[in-house]
Protein chains: 2
Amino acid sequence: MSIEDDLKGRFRNEYHKGLINLTYTTKQLGYEFFLSLKKHGIAEQQYNVLRILRGFRSQAPLTIGFIKERMLDKDSDVSRIVDRLFEKGLLTRKENSEDRRQKSVEITSKGLLLLDSMFECEKRADTLLSNLNETEVRELNRLLDKIRNNTTN
Amino acid sequence: MSIEDDLKGRFRNEYHKGLINLTYTTKQLGYEFFLSLKKHGIAEQQYNVLRILRGFRSQAPLTIGFIKERMLDKDSDVSRIVDRLFEKGLLTRKENSEDRRQKSVEITSKGLLLLDSMFECEKRADTLLSNLNETEVRELNRLLDKIRNNTTN
DNA sequence: TATAATTATATGTTACAACACATAATGTTT
DNA sequence: AAACATTATGTGTTGTAACATATAATTATA
């Protein structure tokens with residue numbers, strides 16, 4: 001399937017196509033992953049928060065700000081995502097007595113169990129680019145890094 | 001700036017990095033473009049609908065379904081996006097007398113003027129990948145196409 | 001032709017991003 | 001210590017994706 005067919009449009013040039021292609025491909029990969037998450041009744045950002053809580057368990061409890069820094073999306077509304085996970089019993093949230101502005105957030109055993117049961121989602125994520133060989137992925141990463149160097153200066 | 005620094009994390013392998021890199025880079029490019037739109041008080045999907053209305057002006061009026069097919073996101077909620085544009089006076093929306101289920105949507109002169117005033121946004125979009133040379137963009141497109149062939153089968 | 005299937009659009013819900021603003025706790029300055 | 005600044009988090013709003021369901025109009029079928 002070519003992107004031209006799919007979008008029913010034409011591109012001004014390779015750069016134009018590149019931008020649309022990036023958006024389109026990433027959206028599609030995200031959707032693939034989203035589908036594998038959906039079976040577990042959890043939204044993508046909630047999953048990401050749980051992953052961070054598990055990944056940094058040695059430094060638990062974590063604050064909202066710490067979690068926020070580690071989200072792919074820097075503007076994540078972690079307060080309300082944590083709300084939803086709290087209501088599902090997947091994490092605990094307490095006032096930090098050292099600094100009462102902060103919240104101490106920790107994954108529960110229920111949360112850990114859920115992540116364990118989602119192991120195949122993580123495996124799925126690793127296969128999304130499997131159509132590229134090692135050299136190609138490396139080249140993709142090089143190109144993406146190069147693109148970003150441009151836009152962040 | 002490396003993505004490793006930025007995400008404060010490590011990657012399992014190049015494939016893992018590739019997926020995160022795609023998500024992250026695309027998000028950043030999208031944000032760049034979003035910023036240039038914001039000055040004109042219009043949201044990204046609303047802009048996309050206006051572009052389609054202008055682009056296919058020769059076939060006007062267009063139906064909601066026609067617009068939907070041409071959106072990058074196939075699940076776009078075109079009905080409500082059109083609502084918002086209608087309220088801003090940027091398009092007209094009438095019942096189609098041939099098939100009264102359909103709506104006939106057409107961009108207004110106010111909508112065309114807005115797009116004209118946004119010409120620099122389009123130019124901006126074309127420069128987002130300018131850090132890559134022609135060969136590199138071509139290679140990027142090849143890799144993205146190859147990724148998608150995988151995930152759509 | 002009455003009925004059933006399909007189509008085009010609308011509406012309602014949940015989760016979220018991006019933003020502005022609010023609030024409370026803490027730190028700093030005078 | 002009182003006043004001000006900063007920090008951590010919360011809340012409210014708008015726009016949207018993804019989804020389910022609704023409704024009306026049209027087409028196909030028995």
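## The surface near DNA strand D

The residues of the surface near DNA strand D comprise five nonpolar, seven polar and 13 charged, where Ala, Val, Leu, Ile, Met, Phe, Trp, Tyr, Cys and Pro count as nonpolar, Asp, Glu, Lys and Arg as charged, and the others, Gly among them, as polar. This is a predicted model, in which local features need pLDDT of at least 70 and side-chain atom pairs count only at pLDDT 80 or more, whereas totals for chains, interfaces and linings use all residues. Residues are numbered from 1 along each chain as its sequence is written, chains are lettered from A in the order in which they are written, and side-chain values use heavy atoms, with hydrogens and water left out.

DNA strand D is surrounded by 25 residues, and the closest are A:G65, A:S79, A:R80, B:D73 and B:R84; a residue is near a strand if one of its heavy atoms lies within 4 Å of it. Of the strand D atoms within 4 Å of the protein, 76% belong to sugar or phosphate and the rest to bases. Phosphate oxygens of strand D lie 2.9 Å from a polar side-chain atom of A:K103, 3.0 Å from one of B:Q46, and 2.8 Å from an N or O atom in the side chain of B:D73.

## The surface near DNA strand C

Around DNA strand C there are 26 residues, of which A:D73, A:R84, B:G65, B:S79 and B:R80 are the closest. By class, this surface has five nonpolar, seven polar and 14 charged residues, and 75% of the strand C atoms within 4 Å of the protein belong to sugar or phosphate, the rest to bases.

A base oxygen of strand C lies 2.3 Å from a polar side-chain atom of B:R80, and a base oxygen lies 2.8 Å from a polar side-chain atom of B:R101. For B:K103, a polar side-chain atom lies 2.8 Å from a phosphate oxygen of strand C.

## Where the two chains meet

Between them, chain B and chain A bury about 6,000 Å², 55% of it on carbon and sulfur atoms; buried area is the accessible area (1.4 Å probe) that two parts lose on being put together, summed over both. In chain B, the residues that lose the most area to chain A are B:Y15, B:L72 and B:R148, together 13% of what that side buries.

The rule finds 12 salt bridges across this interface, each a side-chain nitrogen of Lys or Arg within 4 Å of a carboxyl oxygen of Asp or Glu. B:D126 forms a salt bridge with A:R12, with the closest N and O atoms 2.7 Å apart.

Notes
Polar contact = N/O pair within 3.5 Å; in protein donor to acceptor, adjacent residues only side chain to side chain.
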